[in-house]
Amino acid sequence: MSYNNGEPNKTTGQYHSVKGNAVETIGNLTGAETWQQSGKEEHAQGETEYKAAQAKGYAEGTMDRVGGKKDAVVGAVTGDRQQEASGNIRHDKGEAQQEFNKNA
């Protein structure tokens, strides 16, 4: 599996998953076992990359959510409204990223 810049990517994962399905289908239609196998392998690699990118995004969202909550609480306790507001924004961003990357 070849991640772009060493990082998993949802888009390339989906691309390889779909391409693998197409190659496997051609193999099934023509009876070419090498195409069937190649398609299955590429599809599996694409699914793995997609899920890795999804997990990475969820973990990053968790870090933003927790860090934002901490900043918001510290800002509220110290009376620093700017820190509190930026913490709330970071928390909400992390929450949205988690929602976007959660397992369906």
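A salt bridge is a side-chain nitrogen of Lys or Arg within 4 Å of a carboxyl oxygen of Asp or Glu. In this predicted model, Arg-90 and Asp-64 form such a pair, with their closest N and O atoms 3.2 Å apart. Arg-90 belongs to helix 3 (residues 81-101) and Asp-64 to helix 2, so this salt bridge ties together parts that lie 26 residues apart in sequence. The two partners differ in their surroundings. Arg-90 is partly exposed, at a relative accessible area of 33%. Asp-64 has a relative accessibility of 14% and counts as buried, because buried means under 20% relative accessible area.

A second link joins these helices. The side chains of Glu-95 and Arg-65 meet in a salt bridge, at 3.2 Å from N to O. Glu-95 sits in helix 3 and Arg-65 in helix 2, so here the parts tied together are 30 residues apart in sequence. Glu-95 is partly exposed, with a relative accessible area of 35%. Arg-65 is also partly exposed, at 29%. Beyond single pairs, salt bridges with shared partners join Asp-64, Lys-70, Asp-71, Arg-90 and Lys-93 into one network. Across the whole structure, the search finds 10 salt bridges.

Another of these pairs lies within a single helix. Lys-56 forms a salt bridge with Glu-60, and their closest N and O atoms are 2.5 Å apart. Both residues belong to helix 2 (residues 33-78). They are four residues apart there, which means a separation of about one helical turn. Lys-56 is partly exposed, with a relative accessible area of 32%. Glu-60 is partly exposed as well, at 33% relative accessibility.

Helix 3 was examined next. Its 21 residues, at 1.5 Å a residue, should span 30 Å. The C-alpha atoms at its ends are 30 Å apart, which agrees with that expectation. At the start of the helix, a side-chain oxygen of Asp-80 reaches to within 3.2 Å of the backbone nitrogen of Gln-82.

The buried residues of helix 3 are Gly-87, His-91, Gly-94, Gln-98 and Asn-101. Seen down the helix axis, these buried residues fall within an arc of 100°, so they line one face of helix 3. They pack against two other helices, helix 1 (10-30) and helix 2. The face of helix 3 turned away from the buried side carries exposed residues. These are Arg-81, Gln-82, Ile-89 and Phe-100. Gln-82 thus appears twice in this account: its backbone nitrogen faces the Asp-80 side-chain oxygen, and the residue itself is exposed.

A further site concerns helix 1, where Ser-17 is placed. Ser-17 is buried, with a relative accessible area of 6%. Its side chain and that of Glu-47 are joined by a polar contact of 2.6 Å. With residues up to four places away in sequence left out, Ser-17 touches Glu-42, His-43, Gly-46 and Glu-47. Glu-47 is therefore both a polar partner of Ser-17 and one of the residues in contact with it, since contact means heavy atoms within 4.5 Å.

Terms used: Residues are numbered from 1 along each chain as its sequence is written. This is a predicted model: local features need pLDDT of at least 70, side-chain atom pairs count only at pLDDT 80 or more; totals for chains, interfaces and linings use all residues. Side-chain values use heavy atoms; hydrogens and water are left out. Buried means under 20% relative accessible area, exposed over 50%, partly exposed in between (1.4 Å probe, protein chains only). The expected span of a helix is 1.5 Å times one less than its number of residues. The arc is that of the directions from the helix axis to the C-beta atoms. A polar contact is a pair of N or O atoms within 3.5 Å; within protein, one must be able to donate a hydrogen and the other to accept it, and residues adjacent in sequence count only if both atoms are side-chain atoms.
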